[in-house]
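Biologist: Before we discuss this assembly, I should like each descriptive term to be justified. Please show the model first.

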Amino acid sequence: MTNISLEPINVTRGQPYPGAPDNWRRFFTFSTDHKVIGIQYIVTSFFFFLVGGTFSMIMRGELITPDADLVDRTVYNALFTMHGSVMLFLWTFPVLVGLGNYLVPLMIGARDMAFPRLNAISFWMIPVVGVLMLASFLVPGGPSQSGWWAYPPVSLQNPTGNIINGQFLWILAVAISGVSSIMGGVNFVTTIVKMRAPGMTWFRTPAFVWAVLAAQLIQLYGLPALTGGAVMLLLDLTLGTSFFAPERGGNPILYQHFFWFYSHPAVYVMVLPAFGIFSEVLPVHARKPLFGYRVIAASSLLITVISGAVWVHHMFASATPGWMRMFFMVTTMLVAVPSGIKVFGWVATIWGGKIRLTTPMLFALGGISNWLFAGITGIFLGSVPIDIHVNNTYFVVGHFHYVLYGAIVMAIYAAIYHWFPKMTGRMYYEGLGKLHFALTYLGTALTFLPMHPAGLMGMPRRVASYDPEFAYWNVLASLGGFLLGMSTLPFILNMVSSWIRGAKAGDNPWRAIGLEWLISSPPPVENFEEIPTVISPPYRYGTDEPLVATNLQQELTQTP
Amino acid sequence: MTTERAIAQQVEAGVRQEQEHDEAGNSKFGFIVFLLSESVIFLSFFAGYIIYKTTVPDWYPPGVTGLETRDPTINTIVLVSSSFVIYVAERFLHDKKLWGFRLFLLATMAMGSYFLYGQAVEWSSLPFSVTSGVFGGTFYLLTGFHGLHVLTGILLQVLMLIRSFVPDNYERGYFGVEATSLFWHFVDVIWIILFILIYVWQ
Amino acid sequence: MKLRAILTLTVYAILAIFASLWMAKQAYAWFPPEASAESKLIDDLFSLFTGLGTFIYLGVIGPFLYSLVFHRAAKYDDSDGPHIEGNTWLEVIWTAVPLALVLGLSFASYRTYDKMAVRGPMELVHLHMPQMMQSAYAEPFDSTPQQEIQNALESAPLEQIDVIAKQWAWVFHYPQQDVSSTELHLPVDRRVHFTLKSEDVLHGFYIPAFRLKQDVVPNHEIDFELTPTRVGTYRLRDSMYSGTYFAANQADVVVQSVNDYQQWLADAAAQTPSAAFNRAAYEYSRANSNSDNGSTKDKVAVRGWETIPPAPPPVVNYAPKQEPQSPPA
């Protein structure tokens with residue numbers, strides 16, 4: 001109530017180009033407006049989230065009994081491969097890129113991304129990746145069945161003998177997704193470094209923007225290594241070279257290094273924006289500044305740096321030498337420090353605040369509590385002796401699903417609810433939102449908690465059948481999996497109905513502080529009629545200090 | 001009040017100018033970021049090469065004792081000097097001397113093409129193929145992947161040459177040429193490392 | 001007010017400590033039985049992690065939940081919370097404490113790894129020198145498993161066993177007696193040295209009751225050592241995804257007294273090698289048999305794709321009696 005600078009700037013709606021549709025049809029055009037692209041990303045990837053979720057529910061159906069009796073073993077293997085690939089390359093990465101796309105220019109006071117056309121091209125590669133991935137179900141021999149790691153020599157085995165097999169399509173799809181991500185990375189880094197509004201110094205930049213920057217830097221240094229590995233794998237598969245093929249003198253372990261050099265930091269590519277979302281949502285709904293904002297912001301970059309030197313912890317049970325195991329154990333555990341800084345900061349943020357348990361707040365809080373648990377089991381996994389037992393068991397599966405579903409997907413939901421009024425100008429239905437939260441939270445616990453004891457007892461991951469001693473935990477996990485499937489229904493209902501006929505939300509329903517809340521909802525093309533001048537750090541809840549210079553005259557008188 | 005208003009409008013215009021019309025600056029920044037990222041692919045190949053070279057017991061395929069270095073050295077000299085040639089071309093453009101620019105750009109292209117020709121000759125005369133063990137694989141992978149970059153560089157230069165005939169092409173700066181030149185230097189640096197790894201370290 | 005806060009905090013901390021201790025004790029029950037000296041080392045470490053992890057979890061989640069319950073805005077309260085941007089001391093503490101904690105945990109893990117010495121003499125030679133063992137033995141913490149490893153090393157030469165993994169079978173070869181088997185028999189309280197080999201793809205040599213796992217890499221012989229300490233039958237599972245019948249690639253591990261073990265070796269050596277039952281080969285032949293009447297050819301609901309054919313059933317001296325329809329032991 002006391003924040004006086006929240007007057008919206010009046011603007012007339014512009015168009016991205018003459019004759020561009022101004023209704024739902026614009027989402028089906030090659031629009032270069034970052035907000036249209038952001039929503040295109042979010043909606044497309046949500047579709048693939050449902051696809052990947054369907055795969056996982058078939059898998060949980062198979063695993064509800066110990067025997068391999070629902071689907072053939074090859075089908076099961078294809079399903080877990082495609083589940084992982086779709087969820088990572090077609091849901092988590094793109095949806096976070098979509099959120100970043102939508103929010104970053106608004107948050108830093110820019111009219112668009114640095115390279116709008118490149119942005120649109122990056123997006124339109126995602127459907128291509130999706131079509132290739134799903135098309136692999138139709139080729140002889142079926143989709144890739146080597147897991148989303150595609151470890152050779154299994155990934156090089158080709159029972160049908162066709163060159164165009166599932167693995168080939170998989171590598172192609174991943175390569176295209178990689179190109180899209182690198183283009184996105186260049187775009188984000190340039191936008192964030194070069195296009196912040198006047199007055200927005202680094203320590204006036206919102207934590208979400210910091211997190212996106214940190215994540216995209218990882219894409220830029222990590223993805224090329226995976227690309228290198230993928231090219232060599234493709235040559236092995238098609239031309240018969242011998243990089244990773246042991247029968248021809250190659251070294252399959254080297255592939256693991258290439259793969260994990262990117263794919264472990266890739267986890268931070270996904271989790272850092274989630275951290276950013278927590279850091280944005282909590283202050284708004286607790287009406288208190290982000291506690292230790294500078295440290296939280298900077299710790300994102302610290303994670304970027306550390307994550308470049310942790311990849312071997314995926315290979316503690318591979319033929320890695322002892323010194324390597326010890327070195328990477330220490331670096332892995334060090335990640336707990338910047339992550340811990342964030343968690344403690346969030347708890348201190350809500351402490352003593354004026355908390356409102358809105359749906360985005362619930363999802364953020366739920367996500368943080370899950371992240372806390374996943375972070376602790378992560379430290380277990382970092383310890384070499386413990387990892388030697390639990391590596392490649394369901395303990396790991398439980399751990400990373402707690403990260404991916406428990407923390408990241410929760411954060412994505414939080415973000416969608418939080419910025420839904422901004423994106424659509426309408427309010428979602430709070431009751432449905434809370435139902436969605438309850439189902440998601442319970443579903444997450446019921447699905448992924450039982451995986452931990454199953455793993456400790458020694459159930460390997462990726463099995464289509466298992467010994468009856470694991471049945472109890474698997475039945476629980478399967479029931480939880482179906483519950484998670486159900487949990488998307490209220491969400492879809494909520495989004496569709498409130499977008500069409502929800503109550504008008506106004507420009508700033510949360511009374512939040514941030515450049516994106518200063519403009520109308522949904523924001524006009526080119527966002528800002530007048531680029532604002534930022535005069536204070538973000539999250540100034542509890543003070544009267546304005547975020548931006550209310551008009552230019554004032555700014556001129558302040559800085560003569 | 002009216003003067004203040006005018007100053008305000010000026011400031012706003014300046015801000016807009018900086019934000020929106022610094023596209024060339026953004027593009028340059030973005031391009032450098034891209035090149036840095038691209039270099040990691042080469043770094044990963046180099047790392048792979050070093051690991052293979054130091055761990056694989058039978059490095060050379062049967063019948064191969066090493067690589068001939070005379071022709072590749074000439075090739076290297078040509079490619080590396082072309083970096084200076086394209087720099088001269090850029091200076092000409094900077095001084096608005098279009099024909100000098102075109103001439104030197106053409107020379108760069110010729111040198112790049114000579115390099116590719118030399119590579120092709122070397123490839124065709126080698127007694128091993130891409131499937132000849134890890135050595136054959138890494139050799140063709142590194143030189144081939146680099147060759148693709150050289151080809152891309154030459155195509156970019158052709159594009160720049162064509163665009164130099166478009167009237168008023170350089171009214172709004174010449175980011176394209178700068179990027180092409182930067183890319184060419186990048187390709188050169190990569191080749192030097194590659195040459196040391198493959199030909200010098202035998 | 002301040003006193004009350006301190007009191008509450010103290011009581012909560014004490015409760016959290018008790019809960020953590022309880023969890024650390026419970027942690028031992030989450031595993032299969034401890035059947036090797038190494039498993040005891042790992043379980044102790046795991047228990048330590050569980051205790052600390054529980055304490056951290058409770059330490060964070062307690063204030064978190066407290067705040068959620070007691071710091072809620074009233075229904076028509078539109079005001080902001082206090083403007084607190086941070087606290088340097090707090091931030092320093094919650095950077096330094098986790099740092100010290102993870103470094104400590106790394107050190108504890110290193111100690112445990114060092115004592116296990118599972119990667120054989122090639123890697124950790126010094127552990128096989130008696131004086132080093134002696135100094136480690138002087139430690140009061142987890143001295144028993146160390147002693148067991150030490151005793152096993154001193155009582156008899158290393159028992160050498162070759163392990164061959166393939167798609168999808170495990171074959172164990174005892175070079176001294178030239179006996180092969182599809183069931184792994186081990187003498188209790190003896191240090192066993194495995195040479196792990198793969199014939200095709202990556203596999204994972206994983207015995208949960210021993211808490212030990214090592215990937216098996218083709219073209220690469222890997223040394224691996226462990227010390228079984230408990231008589232019984234356990235399960236060996238393939239832990240590195242190895243293709244279609246990966247989940248069925250399991251074997252039994254029988255830990256026996258030294259006499260029983262010698263007896264078994266002698267009996268097995270007397271038998272002529274014959275083809276053992278192999279689950280993958282059995283399922284494959286059933287799925288691809290031409291003599292299908294359309295009814296019982298395949299019991300899955302959804303048919304699959306072409307697969308790499310399994311290796312023929314291994315020909316071994318000893319194979320456990322196994323019926324095709326019997327559930328896995």
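Modeller: The following exchange sets computed values against the definitions behind them.

Biologist: How are the parts labelled, and what kind of model is this?

Modeller: This is a predicted model, in which local features need pLDDT of at least 70, side-chain atom pairs count only at pLDDT 80 or more, and totals for chains, interfaces and linings use all residues. Residues are numbered from 1 along each chain as its sequence is written, while chains are lettered from A and ligands numbered from 1 in the order in which they are written.

Biologist: What makes chain A and chain C partners in contact?

Modeller: Two residues are in contact if their C-beta atoms, placed from the backbone, lie within 7 Å. By that criterion, 86 residues of chain A are in contact with 88 residues of chain C. Of the 2 pairs of chains in contact, chains A and C share the most contacts. Chain B and chain C, by contrast, do not touch, and their nearest C-alpha atoms are 11 Å apart.

Biologist: Which helix of chain A gives the most to the side that touches chain C, and how is that side classed?

Modeller: Helices are DSSP runs of H or I with at least four residues, strands are runs of E with at least two, and both are numbered from the N terminus. The helix α10(A) gives the most to the side of chain A that touches chain C, with 9 residues. That side divides into 54 nonpolar, 23 polar and 9 charged residues. Here Ala, Val, Leu, Ile, Met, Phe, Trp, Tyr, Cys and Pro count as nonpolar, Asp, Glu, Lys and Arg as charged, and the others, Gly among them, as polar.

Biologist: Why is α11(A) called roughly antiparallel to α2(C)?

Modeller: Axes are lines fitted to C-alpha atoms, for helices over the stretch in contact, and angles run from 0 to 180 degrees between N-to-C directions. The axes of α11(A) and α2 (residues 37-70) of chain C come within 10 Å and cross at roughly 170°. Angles over 145 degrees count as roughly antiparallel, so α11(A) is roughly antiparallel to α2(C). Residues making the contact include L372(A) and F373(A) from α11(A), and I56(C) and Y57(C) from α2(C). By class, this contact has 13 nonpolar, 2 polar and no charged residues.

Biologist: What makes β4 and β7 of chain C edge strands?

Modeller: Two strands pair if DSSP finds at least two bridges between them. The open sheet has the order β4-β10-β9-β6-β7 in chain C, with mixed pairing. Because β4 (184-187) and β7 (212-216) each have a single partner strand, one side of each is left without a neighbour in the sheet. Within this sheet, neighbouring strands are turned by 25° against each other on average, direction ignored.

Biologist: How do you know that β9 and β10 of chain C are paired?

Modeller: They are joined by 6 bridges and run antiparallel, against the required minimum of at least two. In this pairing, L236(C) stands opposite A251(C) in β10(C).

Biologist: How many bridges support the pairing of β1 with β5 in chain C?

Modeller: There are 7 bridges between β1 (residues 159-166) and β5 (residues 192-198), in the parallel sense. I161(C) stands opposite F194(C) in β5(C). Both strands belong to an open sheet ordered β3-β2-β1-β5-β8.

Biologist: What share of chain B counts as buried, and by what rule?

Modeller: A residue is buried if 20 or more other C-beta atoms lie within 10 Å of its own, exposed if 12 or fewer, and partly exposed in between, with C-beta atoms placed from the backbone. Of the 202 residues of chain B, 31% count as buried. Chain B has 6 helices and 0 strands.

Technical notes
Angles under 35 degrees count as roughly parallel, over 145 as roughly antiparallel, 65 to 115 as roughly perpendicular and the rest as oblique.
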